[in-house]
Every structure is written in structure tokens, then in C-alpha cells.
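The following exercises are to be worked through with the sequence and the model in view. Each task is followed by a solution in steps.

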Amino acid sequence: MTKKEKNNNADNETMNKIVSLCKRRGFIFPSSEIYGGFAAVYDYGPYGVELENAVKREWWRTMVRLREDIVGLDSGIFMHPRIWEASGHVAGFSDPLAECRNCHARLRVDHLLEDIGAQADEKMDEKEINEIFNEHKAEVKCPHCGKSDFTGVKKFNLLVKSNLGNFTDDWAKDPAYLRGETCQGIYVNYKNVLDSARVKIPFGIAQIGKAFRNEITARQFIFRTREFEQMEMQYFTSPDKEMEEYEKLRQARWQYYLDLGIREENLKWHKHENLVFYAKEAYDIEYNFPFGFKELEGVHARGDYDLSQHAKFSGKPLDYADPRTGEKYVPHVIESSVGVGRTVLAVLSDAYTEEKVGDEERVVMKFPRKLAPIKVAVFPLLKNKPELVAKAKAIYRDISVDYMCEFDDNGNIGKRYRRQDEIGTPYCVTVDFDTLENPPAGGDVTVRDRDTMKQERIKIEELMDYFKGKNLS
Ligand SMILES: [Zn+2]
């Protein structure tokens with residue numbers, strides 16, 4: 001085994017541990033499991049949905065609440081089909097696909113070529129990529145069976161079709177699409193927002209929502225899925241300010257991940273070398289997932305392509321009359337686009353920790369406290385003492401008013417700590433017999449810190465002030 005293979009195996013092991021913890025502890029489940037599963041879709045369980053909501057809340061706070069120049073939007077998943085013609089998705093949104101003649105696996109040819117170091121990407125047309133594939137066919141091996149016998153390359157469109165609003169049998173000829181990205185909903189509402197909200201250029205529109213892509217090979221857990229959620233912000237600028245605003249956005253997005261609590265050594269910039277013809281510049285922020293550095297977010301300068309296309313296809317002018325200069329222009333767009341699932345996976349990977357405690361090993365999810373699904377867990381020391389249980393329940397109800405809180409009286413305290421460590425709960429509160437004694441001798445509880453495992457006695461009436469200082473939300 002080479003060193004690289006060894007590292008890869010260790011990394012896959014980490015990935016497998018994260019996937020297994022996610023299922024065991026109720027973060028993320030494979031879709032439709034009791035029916036044998038449904039590929040490339042995942043369901044978020046009780047802790048997963050809390051983590052996901054925290055990720056979305058942080059994004060919205062940074063992108064909308066703390067920015068006076070950015071407003072929010074929630075557009076429909078279904079839109080006029082012409083929108084996807086204008087955007088280029090009907091004609092050009094496709095992946096290059098080949099089939100293994102031996103095991104009939106369907107394979108993404110650009111990924112196969114990438115793996116052997118050949119330059120290829122999904123933007124190439126069928127002829128171009130067939131030529132490169134033919135050149136390298138002998139070196140490429142099927143990742144499933146190891147054989148080297150493939151069909152030619154066909155481009156396969158990623159848009160998901162539906163019969164919404166179409167009641168004929170051949171609806172597939174004239175389908176309504178499930179949106180392939182959320183930003184088109186922003187572009188087609190640009191004028192509505194401009195005319196109704198108190199915004200002027202430069203300004204941005206932000207949206208969080210589901211998108212759908214018929215990915216051929218979905219892989220790496222929630223990294224690439226057919227149904228996914230995007231957080232996108234499109235920023236409209238004058239042509240002369242586009243690159244200046246772009247630099248500002250890049251800095252802001254990098255800082256966002258540091259503020260979120262992601263370790264900086266796990267982040268890097270990747271500059272796109274092959275730009276689509278209209279793009280000015282494109283960078284991705286990559287995260288060091290257990291399977292290597294991969295795209296987390298795209299920060300792109302798109303010129304006036306998006307609004308020009310929609311003006312052309314809709315016949316409605318989308319130019320802007322600048323109130324300061326009287327100048328008329330089609331606004332240029334810079335965008336920030338990131339997946340909720342990818343952010344969740346980055347946060348999970350960053351948090352996953354194995355530690356030695358004495359002779360034992362503990363697994364602990366060291367989530368930044370503001371992202372932790374459960375902020376505080378409350379335990380009665382013993383399950384069969386009604387007065388301990390009643391006091392613990394009362395404290396649990398009080399904390400729940402402000403924070404996601406969990407009550408647990410199952411098993412011994414050590415077992416409960418281990419469970420809370422695995423779901424990343426920053427604080428555990430234990431009610432014991434001292435708690436029940438009247439102040440000043442009693443009236444306090446034990447608070448245990450997830451990361452240091454230190455325990456301290458805190459008075460019940462000071463508990464909420466104690467948590468307030470801990471940056472839990
Ligand atoms: Zn094969």
C-alpha cells in the first residue's frame with residue numbers, strides 16, 4: 001500500500017465514522033430506508049435539522065440581517081420554463097456520461113479524466129470530450145469493476161422535469177422544471193424588488209431554498225445529492241464597480257467561515273482557470289473534507305449576462321437608470337453560492353474528534369456552541385427519585401424557553417455524558433441531592449463543559465446568566 005493509499009483509507013475511515021455517527025445519533029438518515037433506499041437523497045433527523053437550521057440562521061444573519069444593502073427573497077421552486085432556456089440550462093446544463101461495458105455502471109467522464117490528471121470539464125461539448133476520452137481510454141479504469149471498456153460519451157441534461165400544470169400524456173415534451181438553482185428566482189425578481197423595496201444599486205438579494213439536479217453519480221454522502229438546499233446571494237452593481245465589489249464579497253465570505261468557527265487551515269481558495277465566456281472571475285472556497293479539498297462555496301463575478309439574458313428572452317427591459325449619474329446600464333452581478341448540505345458536512349467534519357480520556361476513548365462533536373443542535377442537557381442524578389426528577393424537569397422547562405434543551409434520565413451519568421458528547425451538547429446540568437437542600441447550603445447544580453469536561457457548581461438562579469455569556473445562539 002502506498003502512503004497516498006494509506007491516507008485515503010484513513011480518510012475514508014473518518015468519513016465512514018461520521019456517516020455512521022450521523023445515522024446512529026439521529027443527524028442524517030438515507031432516504032426511504034425501509035424501502036431499500038432512494039439514491040442521492042438524505043433526510044435530516046432530530047439533531048440534523050437543528051444543525052441545519054443553525055447553519056441557515058447564521059447565513060441569514062450575516063447575509064441579510066447585518067447588511068443594510070441586502071434583502072431576502074423566497075421564490076417558488078417552479079417557474080416559467082422559458083427561464084431555463086434563457087439561463088442556458090435547457091441547452092447546456094449537462095454532464096458527460098459513459099457506461100462501463102463490463103459492469104454497466106454509469107460514470108461521469110470528466111471525473112474519470114480528472115482522476116488521471118487529464119484536463120476536462122462538464123462545459124466541453126460532446127465532440128470535445130469524446131476526443132479527450134478516446135485519447136486516455138486505456139489509462140482510465142472503471143471505479144466499480146476495474147475494467148477498461150467504455151461506451152462513447154453522451155451529454156446528459158441535469159434538469160429534473162415534471163408534469164406540473166400539464167395534463168397531457170406527452171408532458172415530457174413541454175415540461176415544467178424543478179429549479180436547478182435558486183439564483184434564477186432572484187434574477188427574475190430583480191425588478192420587483194427594485195420597484196418595491198428601498199434599495200438602489202449596489203444592492204443584493206439573498207435566498208435559501210431547495211434545488212434539484214439529476215446527478216449521474218451522486219457520491220460522498222451529503223456532498224453531492226439530487227435534492228439539495230442552496231444559500232445564494234446575488235449582488236447587483238454598476239459595471240465600473242463590479243470587480244471592486246467582488247473583492248469585498250470575497251473577503252466577507254472568507255471571514256464568514258472563520259466567524260462560523262471553521263478552522264482556517266481547512267479552507268483554501270481555488271481559482272477557476274476555464275471561465276464560461278461571460279464570467280469576469282471565479283473563485284471557490286474549498287474545504288478540507290475527509291475525502292480532500294472540495295468546493296464549498298462559489299464566489300463569482302458574472303458580468304451582465306444574467307439580466308441581459310432575461311431581458312432578451314422575456315422582452316422586458318431590465319436596465320437601471322442610475323439616480324446619481326443619470327447613466328443607464330444593465331446591472332452586473334456578483335454572486336455567493338453555497339450548499340446547506342455541504343456546509344453541514346464541513347461543520348460535521350470540523351467538529352468530529354476522538355480523544356483519549358484516561359484509558360477510554362471518547363468521541364465528541366466539538367461544534368461551535370452557536371451551531372450545536374442541543375445547547376443544554378438536564379439530568380436528574382437518579383431516575384427513581386421523584387423529587388430529583390421533578391426539580392430537573394422544572395429546570396429543563398425554564399431553559400427550553402431560551403435554548404434547545406434535552407431531558408435525559410436514561411442509564412448512568414457517564415453514559416448520558418457520552419451520548420451528549422456525540423451530539424455535541426456544550427453543557428450538561430445534573431440535579432443531585434445537594435440541589436434539593438435549601439439555600440444557602442444547596443440550591444445549586446453541577447454544570448459540565450463538553451470540551452474541558454470540567455464540572456462546576458452553579459446556583460440555579462444564576463444558571464440563565466451563566467448560559468447567556470456562552471455564545472449559544
Ligand atoms: Zn465497470
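**Exercise 1: A threonine and its surroundings**

At 0% relative accessibility, Thr237 counts as buried, because the limit for a buried residue is under 20% relative accessible area. The model examined here is a predicted one.

Task. Determine in which strand Thr237 lies and which residues Thr237 is in contact with, leaving aside its neighbours within four places in sequence.

Solution.
Step 1. Locate the residue: Thr237 belongs to strand β10.
Step 2. List the contacts beyond four places in sequence: Ile201, Pro202, Glu242, Glu245, Tyr329, Pro331 and His332.
Step 3. Follow one of these partners, Pro202, which is situated in the loop between α8 and β9. The peptide bond that joins Ile201 and Pro202 is cis, with omega about 5°.

**Exercise 2: A glutamate in a helix**

Task. State whether Glu245 is buried or exposed, and describe what Glu245 touches.

Solution.
Step 1. Glu245 is placed in helix α9, which covers residues 242-260.
Step 2. The relative accessible area of Glu245 is 10%, so this residue is buried.
Step 3. Not counting residues up to four places away in sequence, Glu245 touches Pro202, Tyr235, Thr237 and Ile334.
Step 4. Consider Pro202 again: 43 residues separate Glu245 and Pro202 in sequence, while their C-alpha atoms are 8.7 Å apart in space.

**Exercise 3: Two partners of one helix**

Task. Describe how helix α2 packs against α9, and at what angle the axes of α2 and α11 cross.

Solution.
Step 1. Recall the two quantities required: packed helices are described by the angle between their axes and the distance between the axes.
Step 2. For α2 and α9, the angle is about 135° and the axes are 11 Å apart. That angle makes α2 oblique to α9. The crossing of α2 and α9 is right-handed.
Step 3. Identify the residues that meet: Val55, Glu58, Trp59, Thr62 and Met63 of α2 face Arg253, Tyr256 and Leu260 of α9. By class, this contact of α2 with α9 comprises 5 nonpolar, 1 polar and 2 charged residues.
Step 4. For α2 (residues 46-65) and α11 (residues 340-351), the axes come within 10 Å and cross at roughly 110°. α2 is therefore roughly perpendicular to α11.
Step 5. Here Leu51, Glu52, Val55 and Lys56 of α2 meet Val340, Thr343, Val344, Val347 and Leu348 of α11. The contact of α2 with α11 divides into 6 nonpolar, 1 polar and 2 charged residues.

**Exercise 4: The nonpolar cores**

Task. How many residues does the largest nonpolar core have, and which of them have the most contacts inside it?

Solution.
Step 1. The largest nonpolar core has 55 residues.
Step 2. Those with the most contacts inside this core are Phe27, Trp59, Tyr257, Leu348 and Phe367.
Step 3. Take Trp59 as a case: beyond four places in sequence, its contacts include Ala206, Ile208, Met231, Met233, Arg253, Tyr256 and Val338.
Step 4. Another core, of 20 residues, lies apart from the largest one; among its residues are Leu388, Ile395, Tyr403 and Phe467.

**Exercise 5: Positive phi angles**

Task. Which values of phi do His104 and Phe221 have, and is each residue buried or exposed?

Solution.
Step 1. His104 is not a glycine, yet its phi is positive, about 65°. His104 occurs in the loop between β4 (94-99) and β5 (106-108).
Step 2. With a relative accessible area of 51%, His104 is exposed, because exposed means over 50%.
Step 3. Phe221, also a residue other than glycine, has a positive phi near 60° and lies in the loop between β9 and β10. The relative accessible area of Phe221 is 9%, so Phe221 is buried.
Step 4. A glycine may be set beside these two: Gly315, which follows α10, has a positive phi near 75°.

**Exercise 6: The chain as a whole**

Task. How many helices and strands does the protein chain have, and what share of its residues is buried?

Solution.
Step 1. The protein chain has 15 helices and 23 strands.
Step 2. Of its 473 residues, 50% are buried.
Step 3. Along the principal axes, the C-alpha trace spans about 80 × 65 × 50 Å.

Conventions: Residues are numbered from 1 along each chain as its sequence is written. This is a predicted model: local features need pLDDT of at least 70, side-chain atom pairs count only at pLDDT 80 or more; totals for chains, interfaces and linings use all residues. Side-chain values use heavy atoms; hydrogens and water are left out. Axes are lines fitted to C-alpha atoms, for helices over the stretch in contact, and angles run from 0 to 180 degrees between N-to-C directions. Helices (H or I, at least four residues) and strands (E, at least two) are DSSP runs, numbered from the N terminus. Angles under 35 degrees count as roughly parallel, over 145 as roughly antiparallel, 65 to 115 as roughly perpendicular and the rest as oblique. Contact means heavy atoms within 4.5 Å. Ala, Val, Leu, Ile, Met, Phe, Trp, Tyr, Cys and Pro count as nonpolar, Asp, Glu, Lys and Arg as charged, and the others, Gly among them, as polar. Buried means under 20% relative accessible area, exposed over 50%, partly exposed in between (1.4 Å probe, protein chains only). A nonpolar core is a set of buried Ala, Val, Leu, Ile, Met, Phe, Trp, Tyr and Cys residues joined through side-chain atoms within 4.5 Å. A crossing is left-handed if the near helix is turned anticlockwise from the far one by less than a right angle, and right-handed if clockwise.
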